[in-house]
Amino acid sequence: MLDTMEIPPHVSAAFAAMPPRIRARLDQTRAEIFAEAERLGVRPIEETLKWGQPAYVPPRVSGTTIRLGQLAGEAALFVHCQTSIIEDARELFGGIADFKDNRALVLGGDARATTHVICAALTYHRKRQSAAR
């Protein structure tokens with residue numbers, strides 16, 4: 001498992017295959033994922049590929065996977081469709097951020113929405129466990 005900013009070669013190759021504009025936005029989002037994981041104490045983060053896209057996997061007891069990719073030619077952040085993460089974020093940021101179905105946030109809108117979705121994904125199971133108690 002990786003918990004540094006060093007990119008594994010297979011993930012680096014996936015980033016290199018993206019258009020420069022998309023890659024630049026996703027590089028920024030990647031850095032934010034690691035920064036928020038550090039801030040929240042969610043460690044280690046495994047950096048890998050899922051469905052050919054860069055994926056960030058927190059410990060199962062903490063959160064759920066975040067994937068970075070493209071959606072209709074735009075940079076996007078994806079989370080598991082069976083979570084409430086996108087639905088919850090849409091309630092908070094629906095007028096200022098672009099969400100697709102129950103699984104994606106199109107990047108480039110309000111930065112608060114991006115940070116919210118990242119933090120919600122990194123701590124999804126932790127919060128669910130707290131709510132069940």
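Which residues have the most contacts inside the largest nonpolar core? In this predicted model, local features need pLDDT of at least 70 and side-chain atom pairs count only at pLDDT 80 or more, while totals for chains, interfaces and linings use all residues. Residues are numbered from 1 along each chain as its sequence is written, and side-chain values use heavy atoms, with hydrogens and water left out.

The largest nonpolar core, a set of buried Ala, Val, Leu, Ile, Met, Phe, Trp, Tyr and Cys residues joined through side-chain atoms within 4.5 Å, has 31 residues, and those with the most contacts inside it are Leu26, Tyr56, Ile66, Leu68, Leu77, Phe99 and Val117. Six residues, the largest share of this core, come from α4.

Helices (H or I, at least four residues) and strands (E, at least two) are DSSP runs, numbered from the N terminus; buried means under 20% relative accessible area, exposed over 50%, and partly exposed in between (1.4 Å probe, protein chains only). In helix α1 (residues 9-16), Val11, Ala14 and Phe15 are the buried residues. They lie on the same side of α1 because they cover an arc of only 100 degrees around the axis, taken from the directions from the helix axis to the C-beta atoms. Pro9 and Ala16 are exposed on the face turned away from that buried side.

The buried residues of α1 pack against these elements:

| Element | Residues |
|---|---|
| α2 | 20-40 |
| β1 | 46-50 |
| β2 | 53-57 |
| β3 | 66-71 |

Gln53, found in strand β2, is buried, with a relative accessible area of 16%. Not counting residues up to four places away in sequence, Gln53 touches (heavy atoms within 4.5 Å) Thr48, Arg67, Leu68, Gly69, Gln70 and Phe78.
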